[in-house]
Amino acid sequence: MLRQWIQVTRQSLLSYQQLYLRISKSTNQKFSTSSALLVKDSFVTWKESDSDNLKSSQENFKNESPKQLLENSASYQDIPMAPDDVWIKGPYPQNSNFNQSQAKFSKRPPNIDPQNTSVIFFPGQGTQYIGMGKDLLKYPNVPEMYEAASSILGYDLLDVCLNGPLKKLDKTIYQQPAIVVASLAAVEKLRDENPNALEVCVATAGFSVGEITALTFAGTLSFEDAIRVVKVRAEAMQLASELTPSGMMTVMYGPDSRLGFACSVAKEFCQHKGLPDVDCGIASYLYPHCKVIAGNDEALTFIEHNKSDFRLKRLKRLPVSGAFHTHLMKPAVEPLKTVLEKVIIEEPFIPVHSNIDGKPYKKIKKIRKQLLQHLYSPVKWEQAMHVIYERSQGTSFPRTYVCGPKNTLNGVLKMCNAKASESCTSVYS
């Protein structure tokens with residue numbers, strides 16, 4: 001995706017139409033005349049040298065290697081736009097080249113029939129609901145897990161999950177521990193009802209905070225240390241969110257949309273309103289033509305009001321309290337770094353696919369490093385799905401289990417790989 005870097009100063013004032021013409025000429029894109037009005041309230045100024053900056057950014061994009069482009073972009077324009085519209089001719093994109101597949105990054109390809117293996121996923125924030133975990137208390141170890149977590153957290157986690165109120169549960173400091181424990185409780189249900197699914201697991205991954213759940217499931221963190229890490233992570237992210245009013249929003253768009261440009265213009269809009277800390281960009285790669293963006297509240301509102309100019313189709317705010325996976329989370333890095341240096345981290349006994357690049361973790365040092373990057377870097381879930389599931393035609397897919405609240409990840413897998421999703425099961429919590 002062409003990144004639009006629009007650098008401005010306040011030294012000279014040009015008309016909105018002149019700015020529009022400069023942007024159009026520099027990026028070699030044709031925009032509707034109404035796009036020039038997007039900066040109407042921004043009082044944008046411009047320097048002659050800024051055109052050189054834009055050209056330099058374009059040259060950097062052109063020089064990016066095919067390997068980098070492949071790893072950072074896993075979208076296909078022939079994928080349908082709605083979750084109910086799935087591939088009907090098979091799970092493989094048209095004209096795809098398996099030799100360039102991200103599946104080559106898979107750490108341990110199974111030597112047995114993939115149908116006799118499993119993959120386990122864990123959800124992230126936004127999947128919480130009042131009453132989650134209630135039906136899991138009958139399974140072994142689950143009540144003890146909630147008690148242990150509550151003693152570390154300093155409050156009754158089970159009570160918050162069962163009784164809320166929802167406004168409280170939606171807060172990051174409660175939401176993250178609640179989802180992690182509920183997801184691990186769902187593992188206990190799976191262990192009780194289908195222990196073989198755990199024994200034949202060949203890969204795991206977790207969305208956002210779900211990555212800590214996946215690392216715990218894979219033996220990298222003990223349960224107690226995982227709760228300690230999540231406690232600090234949630235508190236630090238909550239504080240970072242309170243420093244700057246911000247949020248997240250799911251965006252559905254088409255091949256002619258300008259999502260990257262929308263985020264760039266929204267950032268400029270916020271900067272010229274005089275906001276001290278500004279960011280707006282892609283926070284999560286979900287599936288083709290569907291991303292989550294995050295940033296200042298003013299930036300998201302700007303995009304909502306002008307979505308037709310950027311040819312965006314559907315927008316939906318998420319029930320979270322901050323712009324996670326953007327640079328607005330940088331204040332949370334140091335507290336998380338401190339706690340990660342204190343806990344014991346082991347090598348995972350099954351591959352855990354990172355949100356940073358979709359590839360399996362290989363070194364303990366990299367786990368610590370990427371868990372910090374994870375706070376302000378986008379979640380590349382779509383890329384991880386390609387690493388895990390892409391294979392040559394005729395090869396079977398593993399059974400997939402989603403352990404955690406709701407079944408959001410089931411729908412995302414369906415849009416990334418319809419065939420693989422046919423054997424995907426939710427382990428409800």
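**Figure 1. Overview of the protein chain in the predicted model.** Of the 429 residues in the protein chain, 55% are buried. The model shown is a predicted one. The chain contains 17 helices and 9 strands. Its accessible surface amounts to about 19,500 Å², and carbon and sulfur atoms account for 50% of that surface. When contacts between residues at least 6 apart in sequence are considered, 78% of them link residues at least 24 apart.

**Figure 2. Close-up of helix α14 and its buried residues.** Helix α14 spans residues 364-376. Its buried residues are Ile367, Gln370, Leu371, Leu372, His374 and Leu375. In an α-helix there are 3.6 residues a turn, so residues three or four places apart point the same way.

**Figure 3. Packing partners of helix α14.** The buried residues of α14 pack against three helices, namely α9 (210-217), α10 (223-243) and α13 (333-342). They also pack against the strand β7 (379-380).

**Figure 4. Close-up of Ile293 in strand β5.** Strand β5 comprises residues 290-296, and Ile293 lies within it. The relative accessible area of Ile293 is 0%, so this residue is classed as buried, the cut-off being under 20%.

**Figure 5. Surroundings of Ile293.** Leaving aside residues up to four places away in sequence, Ile293 touches Gly247, Met248, Met249, Val251, Leu259, Cys263, Gly281, Ile282, Ala283, Leu300 and Ile303. Thr250 is 43 residues from Ile293 in sequence, while the C-alpha atoms of the two residues are 6.3 Å apart in space.

Notes
Residues numbered from 1 in each chain as written. Predicted model: local features only at pLDDT ≥ 70, side-chain atom pairs only at ≥ 80, totals over all residues. Heavy atoms only, no water. Buried < 20%, exposed > 50% of the residue type's maximum accessible area, 1.4 Å probe, protein only. Helix = DSSP H or I, 4+ residues; strand = E, 2+ residues; numbered from the N terminus. Contact = heavy atoms within 4.5 Å. Areas by Shrake-Rupley, 256 points an atom, 1.4 Å probe, with all protein chains shown as cover.
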